[in-house]
Amino acid sequence: MTDPAPVDPADVLELARRRGVMIATAESCTGGLIAGRLTDVPGSSDAVDRGFVTYSNAAKIEMLGIRPETLAVHGAVSEEIAAEMAAGALARSQAGVAVAVTGIAGPGGSERKPEGRVCFGIADAQGVRTETVEFGPRGRDAVRAATVRHALALLSAALS
């Protein structure tokens, strides 16, 4: 997988301001890094509502309303869970757009769910969209950094 072109978090925030919406994040494998990148920008409080760090399955259920049945059938790293995470973040915030990520940052993984697989969800007034990106076994830090870049690109596209 080729990394997406970097998107400046300040540009994402400006797009949200122009649309008159706030942003929420629901993060598993990134542990809050997406919200961190957005809130690194001074003045971001007028465009970022909140971030949910739901690393455990219990946190996904309690904080985002993920259905245990979805977890049982598809597992935490799936587009189905990414969709429920994004929808849950949107429903449990004042945001107009939410991005969700769940994946295998590494090290390790399995044949079914290899290191570097990340599922993304975007929820907004148009509904929920998902995709899976295979970043490959490039190491935990690199997978997480690529995930943040891709999430920012998805937010930018959703807000454009």
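These are my notebook entries on a sheet, two of its strands, a pair of helices and a loop residue in this structure.

**Entry 1: the sheet**

I began by noting that the model is predicted, and then I looked up how its strands are arranged. Five strands make up an open sheet whose order is 2-1-3-4-5, and the pairing within it is mixed. I found strand 2 (48–53) and strand 5 (127–134) at the edges, where each has a single partner strand, so one side of each is left without a neighbour in the sheet. From one strand to the next, the twist averages 15°.

**Entry 2: strand 3 and its partners**

I then turned to strand 3, which covers residues 97–103, and asked myself how many of its residues are buried. I counted seven of its seven residues as buried, and I therefore noted the strand as mostly covered under the cut-off of under 20% relative accessible area. As background I wrote down that side chains in a regular strand alternate between the two faces of the sheet. On one side of strand 3 I listed Val97, Val99, Val101 and Gly103, and on the other Ala98, Ala100 and Thr102, with both faces covered.

For the pairing, I recorded that strand 3 runs in the parallel sense with strand 1 (residues 23–27), over five bridges, whereas with strand 4 (residues 117–124) it pairs in the antiparallel sense over seven bridges. Valine 99 of strand 3 is a useful place to look, since threonine 25 stands opposite valine 99, and valine 99 also stands opposite isoleucine 122 in strand 4.

**Entry 3: strand 4 and phenylalanine 120**

Moving along the sheet, I saw that strand 4 and strand 5 pair in the antiparallel sense over eight bridges, and that valine 118 has valine 133, in strand 5, as its bridge partner.

Within strand 4 I picked out phenylalanine 120 and asked whether this residue is buried or exposed. Its relative accessible area is 1%, so I noted phenylalanine 120 as buried. Leaving aside residues up to four places away in sequence, phenylalanine 120 touches a list of residues that includes Ala82, Ala100, Val101, Arg129, Val133, Phe135, His150 and Leu154. I also checked threonine 102, which is 18 residues apart from phenylalanine 120 along the chain, and their C-alpha atoms are separated by 6.7 Å.

**Entry 4: helix 1 against helix 6**

Next I looked up how helix 1 (residues 9–19) lies relative to helix 6 (residues 140–159), and I found that their axes come within 9 Å and cross at roughly 25°. The two helices are therefore roughly parallel to each other, and the crossing of helix 1 past helix 6 is left-handed. On the side of helix 1 the contact is made by Pro9, Val12, Leu15, Ala16 and Arg19, and on the side of helix 6 by Leu152, Leu155, Ser156, Ala158 and Leu159. Sorted by class, this contact has eight nonpolar residues, one polar and one charged.

**Entry 5: glycine 96**

Finally I went to the loop between helix 5 (79–91) and strand 3, where glycine 96 has its place. Its relative accessibility is 25%, so glycine 96 counts as partly exposed. Not counting residues up to four places away in sequence, glycine 96 touches Val21, Met22, Leu90, Ala123, Asp124 and Ala125. I also noted that glycine 96 and arginine 19 are 77 residues apart in sequence and 9.1 Å apart in space, taken from C-alpha to C-alpha.

How values were computed. Residues are numbered from 1 along each chain as its sequence is written. This is a predicted model: local features need pLDDT of at least 70, side-chain atom pairs count only at pLDDT 80 or more; totals for chains, interfaces and linings use all residues. Side-chain values use heavy atoms; hydrogens and water are left out. Buried means under 20% relative accessible area, exposed over 50%, partly exposed in between (1.4 Å probe, protein chains only). Helices (H or I, at least four residues) and strands (E, at least two) are DSSP runs, numbered from the N terminus. Two strands pair if DSSP finds at least two bridges between them. Contact means heavy atoms within 4.5 Å. Axes are lines fitted to C-alpha atoms, for helices over the stretch in contact, and angles run from 0 to 180 degrees between N-to-C directions. Angles under 35 degrees count as roughly parallel, over 145 as roughly antiparallel, 65 to 115 as roughly perpendicular and the rest as oblique. A crossing is left-handed if the near helix is turned anticlockwise from the far one by less than a right angle, and right-handed if clockwise. Ala, Val, Leu, Ile, Met, Phe, Trp, Tyr, Cys and Pro count as nonpolar, Asp, Glu, Lys and Arg as charged, and the others, Gly among them, as polar.
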